[in-house]
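Reader: Hey, got a minute to walk me through this fold? I'd like to go strand by strand and then look at the packing.

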Amino acid sequence: MTPPIFRKKSDLRAQVREWKQAQETVGLVPTMGALHSGHLSLVEQAKQSCDRVIVTIFVNPKQFNNPQDLANYPRTEHEDARKLADQQVDLIYCPDPDQIYPEGFCTNVSLSGLTDVLCGAHRPGHFDGVATVVTKLFTQTLADKAFFGEKDFQQLQVVKRLVSDLDLPIAIHSCPTLRDPDGLAMSSRNLRLSDEARKTAPVLYRVLTEMAQGLRDGGATSTLAAQARDQLAQAGFGEVEYLDLRTCGDLSPLEYATSDCRLLVATWLDGVRLIDNISV
Ligand code: AMP
């Protein structure tokens with residue numbers, strides 16, 4: 001059976017209040033829709049540790065710095081609802097835009113430092129949009145736990161920091177990146193790759209994996225990143241926005257691997273921006 005789809009925060013709140021009165025724990029999986037197995041793995045983890053699971057689908061205009069990217073973002077609500085029915089999700093929240101950004105809305109949740117680097121440096125305003133919408137989804141759903149993918153590693157760190165800094169009463173759970181069999185990290189944006197580009201795309205994970213091994217063997221980021229950039233260019237990738245080794249928590253740059261670091265990349269292929277990251 002298709003889960004109920006709520007579009008008003010008052011309806012959502014009424015349902016969550018009932019669950020809370022029955023002492024049930026509520027898990028939240030925020031998404032922008034066009035759901036794939038990566039999203040569904042988050043739902044799976046939420047189902048395992050919460051009595052009730054809410055999936056939100058909201059293509060958040062505030063986190064798109066490029067209007068064309070927002071216009072092109074895939075929207076597949078009907079199919080998404082079917083997939084979530086198979087997973088026995090309790091409620092889908094697809095808020096009407098005014099439920100998130102009512103007329104006159106002028107509050108911005110903004111972090112510094114953590115959001116100035118990597119994707120933040122290339123997508124001005126993106127993480128303000130993420131932080132603002134996530135804060136609203138937390139307060140609207142009153143969820144006990146929220147589930148985020150490591151696929152968006154910087155976003156995960158931003159959300160953890162936000163929750164800690166603002167004492168938001170919610171636990172953040174991180175979930176590993178799901179990949180297609182050829183290694184490409186699943187992403188809603190992969191739908192926009194041409195057949196040919198889709199064949200090239202797994203090179204990204206291969207290059208990342210090789211570079212991580214080089215770092216584990218004691219290699220320097222600057223040398224290995226230059227080689228990796230050449231490999232990506234030869235394979236047909238466009239601009240590499242960043243290919244960086246960073247500490248996990250505060251995302252400071254590193255020249256050599258430490259015990260707690262992450263290799264992160266953002267690049268373009270066939271007009272599609274792809275991001276990925278792996279543990280070193
Ligand atoms: P999005 O709809 O792209 O905003 O993603 C919603 C959530 O799903 C975020 O927490 C993402 O990190 C997570 N996610 C996206 N792709 C994957 C993936 N391939 N594996 C695991 N989680 C993912």
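Author: Sure. Bear in mind that this is a predicted model. Let's begin with β7 and strand β8 (residues 261-269): they run antiparallel and are joined by seven bridges.

Reader: Which residue of β8 is the bridge partner of L245?

Author: L245 has L263 as its bridge partner.

Reader: And what's the strand order in that sheet?

Author: The order is β7-β8-β9, three strands in an open sheet with antiparallel pairing. At the edges stand β7 (240-247) and β9 (272-279), each with a single partner strand, so one side of each has no neighbour in the sheet. On average, neighbouring strands here are turned by 10 degrees against each other, direction ignored.

Reader: Which helix packs on the sheet there?

Author: Helix α10 (residues 203-216) does, and α10 touches β7, β8 and β9. The direction of α10 makes about 30 degrees with that of β9.

Reader: Back to β7 for a sec. How many of its residues are buried?

Author: Eight of the eight residues of β7 are buried, so β7 is largely enclosed by the rest of the structure.

Reader: OK, other sheet. What's the order of the six strands?

Author: The six run β1-β4-β3-β2-β5-β6, in an open sheet with parallel pairing. Its edge strands are β1 (5-6) and β6 (171-175), each of which pairs on one side only.

Reader: How many bridges join β2 to β3?

Author: Six bridges join β2 to strand β3 (residues 52-57), and the two run parallel. As one example, V26 stands opposite R52 in β3.

Reader: Which strands does α7 touch when it packs on the sheet?

Author: α7 touches β2, β3, β4, β5 and β6, and its direction makes about 150 degrees with that of β2. There's also α8, which lies across β5 and β6 and runs at about 165 degrees to β6.

Reader: Let's do cores. How many residues does the largest nonpolar core have, and which have the most contacts inside it?

Author: That core has 42 residues, and I54, V134, F138, F148, I170 and I172 have the most contacts inside it. At least two residues each come from α1 (9-21), β2 (26-31), β4 (91-93), α7 (126-141), β5 (145-149), α8 (153-165) and β8. The largest share, seven residues, comes from α7.

Reader: What does F138 touch?

Author: Leaving out residues up to four places away in sequence, F138 touches L28, A143, A146, F148, V159, V163, L168, I170 and I172. Another core, of 28 residues, lies apart from the largest one and includes V203, L204, A228 and L263.

Reader: So L263 turns up again. Now the helices: at what angle do the axes of α1 and α7 cross?

Author: They cross at roughly 50 degrees and come within 9 Å. An angle between 35 and 65 degrees falls in the oblique class, which makes α1 oblique to α7.

Reader: Which residues meet there?

Author: K9, L12, R13 and V16 in α1 meet T139, Q140 and T141 in α7. The residues of that contact divide into two nonpolar, three polar and two charged.

Reader: Last one, D86: where is it, and why does it count as exposed?

Author: D86 is in helix α4 (residues 77-86). Its relative accessibility is 60%, and exposed means over 50%, so D86 counts as exposed. The C-alpha atoms of D86 and S222 are separated by 46 Å, with their positions 136 residues apart along the chain.

Methods. Residues are numbered from 1 along each chain as its sequence is written. This is a predicted model: local features need pLDDT of at least 70, side-chain atom pairs count only at pLDDT 80 or more; totals for chains, interfaces and linings use all residues. Side-chain values use heavy atoms; hydrogens and water are left out. Two strands pair if DSSP finds at least two bridges between them. Helices (H or I, at least four residues) and strands (E, at least two) are DSSP runs, numbered from the N terminus. Axes are lines fitted to C-alpha atoms, for helices over the stretch in contact, and angles run from 0 to 180 degrees between N-to-C directions. Contact means heavy atoms within 4.5 Å. A nonpolar core is a set of buried Ala, Val, Leu, Ile, Met, Phe, Trp, Tyr and Cys residues joined through side-chain atoms within 4.5 Å. Buried means under 20% relative accessible area, exposed over 50%, partly exposed in between (1.4 Å probe, protein chains only). Angles under 35 degrees count as roughly parallel, over 145 as roughly antiparallel, 65 to 115 as roughly perpendicular and the rest as oblique. Ala, Val, Leu, Ile, Met, Phe, Trp, Tyr, Cys and Pro count as nonpolar, Asp, Glu, Lys and Arg as charged, and the others, Gly among them, as polar.
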